[in-house]
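Work through the exercises below with the sequence and the 3D structure at hand. Try each task before reading its solution.

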Amino acid sequence: MTTLARFPRVRLTQAPTPLEFLPNITRALGGPQIYIKRDDNTGLALGGNKTRKLEFLLGDALARGATHIVTQGATQSNHVRQTIAAANKFGLKSTVLLEERVSGAHSDYYSNGNVLLDQLLGASIETRPSGLDMNHELIAVGERLQTAGERPYLIPGGGSNAIGALGYVASAQEILQQSTDLGLRVDHVVHATGSTGTQAGLVVGLQAANSNIPVLGFSVRAPREKQIDNVRKLARQTWDLLDIRQPFDDEAVRVNANYVGAGYGLPTEGTLEAIRLLARHEGILLDPVYSGKAFAGLVDLIRQGHFRHDENIVFVHTGGAAGLFGYRDTLQPQGGVK
């Protein structure tokens, strides 16, 4: 199995996160056996998948003598929240750029949920309008901080570069160990794919272990071919970083973009149904931007008969429930509690 020991790393994740069977939703959908990998329970500032990436990103930042972490994301970014918290744990300053990627949202979207937590955690928060090159904005802030005497460390949106993707190589190894311990044959791994680091890491980790377990990412933003290209690019970079000798299989990157709906951060009716289904059958909260859309895609494919009844599916819950509070107008029944 690929070793990660040579890479600088800090410990942030309460690992291993649980791998649980979902009997009620399995029964309700009448399809394959559904398991959930609880990466919403990673433990850092309400948890989420970015915590795994930040173990390696913060490890690299500290090894380079950084004093100031800089990152960016959408207004309700889960990544931004976890990055600020990680920086706080190691006494580093943080500046975050929030892109107003979703237009016409309710006021809760701009003041509640992750935004409220960002403020509570104490980062320097700057906003940017939609449409800018956010990587360019990130670099510009880094240069400004360097001029002011800081040693900035820039983390891309979602923590999705080859170093960050190592966090999901580690997660893939964890899934394999847990499934072995449980005597579980995993037929599919599915999850939400956005900034690509989670999917790239999972694909690399499972492929490097010669597991032959297919990974399906449900896109939350980009069209299918674009997302495939983006994931492949990062997966190859991660593969090379790990110095794996066998060739990387491009066909291992699989994406379904049929459940994006009107765009990023705009939940569909299927998203809302998926959130309610898992909450009411299993007491587990999905988010309206990532995991809700991915679970909606999984539910629909099960209803279409895409999976065999005897197959075992692992749904990787990437977290983000804090974002629910930014969507109160969308999620709350009309008239509120009666």
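**Exercise 1.** State how much area the chain exposes and what share of it carbon and sulfur atoms supply.

Solution. The area is computed by the Shrake-Rupley method with a 1.4 Å probe. The chain exposes about 14200 Å². Carbon and sulfur atoms supply 48% of that area.

This is a predicted model, in which local features need pLDDT of at least 70, side-chain atom pairs count only at pLDDT 80 or more, and totals for chains, interfaces and linings use all residues. Residues are numbered from 1 along each chain as its sequence is written, and side-chain values use heavy atoms, with hydrogens and water left out.

**Exercise 2.** Determine whether the radius of gyration agrees with that of a compact globule.

Solution. The radius is taken over C-alpha atoms, and the globule rule is 2.2 Å times the number of residues to the power 0.38. For 338 residues the rule gives a value near 20 Å. The chain has 19 Å, which agrees.

**Exercise 3.** Describe the open sheet of four strands.

Solution. Strands are DSSP runs of E with at least two residues, helices runs of H or I with at least four, both numbered from the N terminus. Two strands pair if DSSP finds at least two bridges between them.
- The order is β5-β4-β3-β6, with parallel pairing.
- β5 (124–129) and β6 (152–155) are the edge strands, each pairing on one side only.
- β3 (residues 68–74) pairs with β6 over four bridges.
- T71 stands opposite I155 in β6.
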